[in-house]
Amino acid sequence: MTHSIKINKVAQSRVSQVELNNNIVMGTQFTDHMFVCDYQNGEWTNARIEPLALIPTHPAAMALHYGQAIFEGMKATLGKDGTPLLFRPYENAKRLNHSADRMGMPSFPEDLFVEALKQFTALEKDWIPTQPGSALYLRPFMYADEPFIGMRAATSFKFIVMASPAGPFFSRKIKLYAEKKYVRAVNGGTGEAKAAGNYAAAIRPTEYAKAKGYDQVLWLDAQNFEEIQEVGTMNIFFKIGGKFVTPDLSGSILAGITRMSVIDLLRDKGYEVTERPITITEIREVSEDGTLEEAFGVGTAVGIAMIEEIGNADLTIKLPEDNPVSVMVNDTLNGIKIQEIEDTFGWLVEAK
Ligand SMILES: Cc1ncc(COP(=O)(O)O)c(C=O)c1O
């Protein structure tokens, strides 16, 4: 199915005013355009790319009150011949619709999602940084814009894609605070959806963790504060006795696209990877008996974040200094994204 997307270009791009390749901080600068589509009377209409601008919003827009708002995060890079590349965009399309379903929002046609991302990224090609480890961060999102006060699913929504150039995240190792008071998600809740409210719930606990000298919260299960779930905006992997484990998708964890790619990559390199419940007690024990070898967080924004310590008032788990497999995973994923390493998995989609 082909979709017609109207394109209204800016008269003059702002890209020359931005230092794209000087460690630009993700989320601080935005590209010239945005993709917008409206949901009205039960269908998505008026797909268009237009100059990035403020969006008039009624003060009763339901997203502002009841939180019907979901988003995605993905990155575009430049291939060897300068073609913009998207990383597994169909997975983001599927996850957006999974989130939409949980939040009582309409699904967005997956082929239109990918087509919009392709056309939008092709138009914003000059904004893709080329500094090693950098990319153009793409932020698709959907929210309820119907003005109404009362608790029910909205009937009008906007789906928008905007983009922000993102410099490399410097690979300083991170310290995680194993949170035992606050929870991010419970089974049956919205943890599996990429819902704006999940992030709102995490803001204060993350501030507290930072004030205690940690970088991010390590979320534990809401009943017993024992099973490890995920980290800030990342899923987590441990290497124990030569094999990898990552928490299984229990229903309250975000199914990360980096997570599924890292599982495939590690298995392809001959490592055993098991998705299963992992308790903080187990991680303390394998740390004490010397079999805990590596730990890292994985997510689109950061890539691979090596972990140096997990702790809280009762616990300090130090990770070994060397993390050769984590480095290999990071370098391989980055290499595939810029076609320095062959994409044998078929993950890349050309945006042209
Ligand atoms: C809560 C949470 N977990 C995990 C991830 C990693 O997901 P992905 O690899 O798709 O970016 C993210 C980022 O989107 C996230 O926000």
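This section describes how the two domains of the protein chain meet in the predicted model.

The chain is divided into domain 1, spanning residues 6–168, and domain 2, spanning residues 174–337. Their C-alpha centres are separated by 27 Å. To the contact between them, domain 1 contributes 21 residues and domain 2 contributes 20 residues.

About 1800 Å² is buried between domain 1 and domain 2, and carbon and sulfur atoms account for 62% of this area. On the side of domain 1, the residues that lose the most area to domain 2 are Phe71, Phe87 and Arg95, which together make up 34% of what that side buries.

With respect to polar interactions, eleven residue pairs are in polar contact between domain 1 and domain 2, counting pairs with both residues at pLDDT 80 or more. By contrast, zero salt bridges are found across the interface of the two domains.

The side of domain 1 that touches domain 2 draws two or more residues from each of strand 4 (69–71), strand 5 (74–78), strand 6 (84–87) and helix 2 (89–102). Helix 2 gives the most to this side, with six residues. Classified by residue type, the side of domain 1 that touches domain 2 comprises ten nonpolar, five polar and six charged residues. Charged residues are thus present on this side of domain 1, although the interface has zero salt bridges.

How values were computed: Residues numbered from 1 in each chain as written. Predicted model: local features only at pLDDT ≥ 70, side-chain atom pairs only at ≥ 80, totals over all residues. Heavy atoms only, no water. Domains from an automatic or database assignment. Contact = heavy atoms within 4.5 Å. Buried area = accessible area lost by both parts, 1.4 Å probe. Salt bridge = Lys/Arg side-chain N within 4 Å of Asp/Glu carboxyl O. Polar contact = N/O pair within 3.5 Å; in protein donor to acceptor, adjacent residues only side chain to side chain. Helix = DSSP H or I, 4+ residues; strand = E, 2+ residues; numbered from the N terminus. Nonpolar A, V, L, I, M, F, W, Y, C, P; charged D, E, K, R; others polar.
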